[in-house]
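Colleague: Got a minute to go through this model with me? I'd like to hear the reasons behind the labels.

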Amino acid sequence: MELSISHILYGLFTLAIIITMILRKGIVLPTLLGTFIIAWVYRGSIIDGFTAIFKANLVAAQELFSIFLIITFMLALLHSLRDLGADKRMIQPIQKMMINGHVSFFVLVGITYLISLFFWPTPAVPLICALLVPAAIQSGLPAITAAVAIAIAGQGMALSSDYIVQVAPNLSATSAGVDTAQVADKSLILSLITGFIALGIAYVMYRKMIRKKGDPRNQQELENMQLTQDSSQRDYRLQFWSRLFAILVPLALASVVIYMVYEKLLSGRMTGLEGGDGAAFVGGVAVILLLLSTIAFRKQHALDYITTHITDGFVFAFKAMGPVIPIAGFFFLGSSDFSADIIGVKENPPAFLFDLVQSTQSILPQSALLAALSILIIGIITGLDGSGFSGLPLTGALAASLQNSSIDVTTLAAIGQMGSIWTGGGTLVAWSSLIAIAGFCGVSVMELVRKNFIPVMVGLIVATIVAVFIL
């Protein structure tokens, strides 16, 4: 296959982006510059280079805006529940289950996983650390072991599949040019395999650290935790609504999941709830719950107050996902599915990344295991920036290029997603949201990384091998 200068430039910029990630620097600048130069050279016009930058970001924004909406609505719902105090009421009964350190470890895992599936781990961490970790420490679970449980269950297992909100599968699938539902299903399986193995190894490795209830060291660790407790008094009316929504919201969201699973596995009648429509269903239910909870809290002022929650949700969404748009725009340029709209070529649009990979097929062994391990390593490298999501456009695009007769693109995309999010989401880098867990638990973030490393890496490798031979 004959490569043009634009192909070579695309490969060089992709390599530069990967090196920049390894150095833990931002990659927005090289992606924007790369889009401009590649389009300029390919079209032979600097004007087309300028317009390509805007179009690449516009195409990426159009493809990914559903992600921003679902994040907005779920976070707005969480904030409205916090107003009522219902968020705390939802998990306070769990404290009674923490009878000893061993039970507390698995209780933390289960609750962190469930809450993080719906609200993402970053907004959920303060709630979990404020209410459940102190109870876990009092029962004898060391703060560092509690932090390991929360990180693996939330930042790792829940976020890497992102099965309910479906931000990660959407990014991977869009870049790979495949259906979101297929990537989401395989990501869920791989995340559970990785998570169960990582949690099992972590428990075996650190179970001897668990102390008896009443150990003096428990109180010392509680004093090291930097927590702010809400001491405000709520009137009787808000206590009633707080109790009501603490029951209503979990029931509603659980019903949504049960219905989606039923439609997918048993009835086979509603394929429309798969993929992006499934996330839209969850988002729509969240909006109705948001409306009801806001009215319960503010009554006649709800018309204005709900605007605040929606705005805060959008601000969070754009802070978390905004940098992904120019990154996705660059890797969309490497796909013929999007390059036509970006550089304005309607016939035979270029597929820069696919062509580059195809040109090396003759010298590379056609091994499914090699392709899977390669995409895992690239995913881990892209996660070194501490985001976890910024590398998904790259791993998704590479998955489409590396597929062969032995392994399909959805499996490769899911493997790349595992590597990127488990690393940068994060469980393996200290400059990710792992800092929040360490801070709330009063432990060293570097020690937390070291505790996570062996369990997580073993889990990722085993899950990748399973994906190659079983999925």
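Colleague: Why is Cys 441 called buried?
Modeller: Buried means under 20% relative accessible area, with exposed over 50% and partly exposed in between (1.4 Å probe, protein chains only). Cys 441 has 0% relative accessibility, so the label is buried. Cys 129 is buried too, because its relative accessibility is 0%. Keep in mind that this is a predicted model, where local features need pLDDT of at least 70, side-chain atom pairs count only at pLDDT 80 or more, and totals for chains, interfaces and linings use all residues. Residues are numbered from 1 along each chain as its sequence is written, and side-chain values use heavy atoms, leaving out hydrogens and water.

Colleague: How do you know that Cys 129 isn't bonded to its closest cysteine sulfur?
Modeller: A disulfide is a pair of cysteine sulfur atoms within 2.5 Å. The closest cysteine sulfur to that of Cys 129 is in Cys 441, at 4.0 Å, so the pair is too far apart for a bond. The disulfide count for the model is zero.

Colleague: What makes up the contact between α2 and α14?
Modeller: Contact means heavy atoms within 4.5 Å. On α2, the residues include Val 28, Leu 32 and Ile 38, and on α14 they include Pro 326 and Phe 330. The contact residues divide into seven nonpolar, three polar and no charged.

Colleague: Which elements have the lowest and the highest mean pLDDT?
Modeller: pLDDT is the predictor's confidence in each residue, from 0 to 100. Helix α10 (residues 216-224) has the lowest mean, 78, and helix α9 (residues 180-206) the highest, 95. For the protein, the mean is 86.

Methods: Helix = DSSP H or I, 4+ residues; strand = E, 2+ residues; numbered from the N terminus. Nonpolar A, V, L, I, M, F, W, Y, C, P; charged D, E, K, R; others polar.
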